[in-house]
Amino acid sequence: MESTRSGARDGATGGARDRDGAGRARSARPRDGLGRPLPYGARGVARQPEGVVRGPRQTVTEAQALLDAGKPFHAHEVFEDAWKTGPESERGLWRGLAQLAVGLTHAARGNLTGGPRLLRRGAGAVEEWAAGTGAARPHGMDLPGIVRWGRALADEVERTGAAVDAGRCAPRLR
């Protein structure tokens with residue numbers, strides 16, 4: 001990803017914002033495993049490249065490895081690529097899975113309101129897609145199990161009022 005510094009001001013820092021070659025805002029700051037920005041020059045986690053076209057099985061395999069490693073933010077990027085580049089008929093599935101990964105990210109960051117909300121939204125989207133297509137195991141995924149996981153984790157976060165360990169709480173996609 002090419003990054004340039006433009007003269008646009010970032011209201012939060014008063015500094016220039018990172019922009020890509022097309023002028024879109026892109027943060028060149030390193031990030032931790034949960035996608036939180038780190039100071040410039042800090043050692044971060046390698047970022048997922050954006051816009052990668054993968055087959056569905058490769059998407060699931062890569063996302064599962066990232067989830068297992070406690071990197072749901074990065075798994076969300078993999079699902080987002082599938083959502084944006086895959087067949088129209090599967091966009092609802094991949095969008096729902098991306099929302100679940102973002103929900104796990106927020107729950108792990110300690111966002112006790114947004115985490116459960118996104119987990120439930122993602123579970124609902126996956127459930128709706130499965131009901132609309134009649135597919136419970138597309139690409140080998142266990143959609144009923146994933147939906148149960150998302151709702152149960154949302155309930156746990158609300159019940160305990162505590163952040164979760166993203167790697168320990170990662171779903172099993174297959």
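The lining of the largest cavity in this predicted model is made up of ten nonpolar residues, with no polar and no charged ones. The residues in question are Leu67, Phe79, Leu97, Leu100, Ala101, Leu104, Ile146, Trp149, Pro171 and Leu173. Readers who wish to find the spot in the structure may start from helix 3 (91-109) and helix 5 (143-160), each of which supplies at least two residues of this lining. Helix 3 gives the largest share, with four residues. The space enclosed in the largest cavity comes to about 50 Å³, and the structure holds one cavity of 30 Å³ or more.

The setting for this cavity is a chain of 174 residues, 44% of them buried. Its secondary structure consists of five helices and two strands, and the order from the N terminus is β-β-α-α-α-α-α. Contacts between residues at least 6 apart in sequence were also sorted by separation, and 54% of them join residues at least 24 apart. On the outside, the chain exposes about 8,800 Å², of which carbon and sulfur atoms supply 50%.

Helix 2 deserves a closer look. This helix covers residues 72-85, 14 residues in total, and spans 20 Å from its first C-alpha to its last, close to the 20 Å expected at 1.5 Å a residue. Because eleven of its 14 residues are buried, helix 2 is largely enclosed by the rest of the structure. The buried set runs through Pro72, Phe73, His74, Ala75, His76, Glu77, Val78, Phe79, Glu80, Asp81 and Ala82. Helix 1 (56-68) and helix 3 are among the elements that cover these residues. Phe79, one of the buried residues of helix 2, also appears in the lining of the largest cavity.

Asp81 is another residue of helix 2. With a relative accessibility of 5%, Asp81 counts as buried, since the cut-off for that class is under 20%. Setting aside residues up to four places away in sequence, Asp81 touches Pro49, Glu50, Gly51, Val52, Arg54 and Gly86.

Two prolines in other helices provide a contrast in exposure. Pro56, in helix 1, has a relative accessibility of 30% and therefore counts as partly exposed. Beyond its neighbours within four places in sequence, Pro56 is in contact with Glu90, Trp94 and His139. The pair Pro56 and Glu90 lies 34 residues apart in sequence, with 9.8 Å between the two C-alpha atoms. Pro144, which belongs to helix 5, is likewise partly exposed, at a relative accessible area of 38%. Between the C-alpha atoms of Pro144 and Ala130 the separation is 8.6 Å, and these two residues are 14 apart along the chain.

His139, already met as a contact of Pro56, is notable for its backbone. Most residues other than glycine have a negative phi. His139 is not a glycine, yet its phi is positive, at about 55°. This residue sits in the loop between helix 4 (114-133) and helix 5.

Technical notes:
Residues numbered from 1 in each chain as written. Predicted model: local features only at pLDDT ≥ 70, side-chain atom pairs only at ≥ 80, totals over all residues. Heavy atoms only, no water. 1 Å grid on protein atoms, 1.4 Å probe; cavity = no way out; pocket = protein on both sides within 12 Å on 5 of 7 lines; lining within 4 Å. Points joined across faces, edges and corners; volume = space filled by probe spheres on them. Nonpolar A, V, L, I, M, F, W, Y, C, P; charged D, E, K, R; others polar. Expected span 1.5 Å × (residues − 1). Buried < 20%, exposed > 50% of the residue type's maximum accessible area, 1.4 Å probe, protein only. Contact = heavy atoms within 4.5 Å. Areas by Shrake-Rupley, 256 points an atom, 1.4 Å probe, with all protein chains shown as cover.
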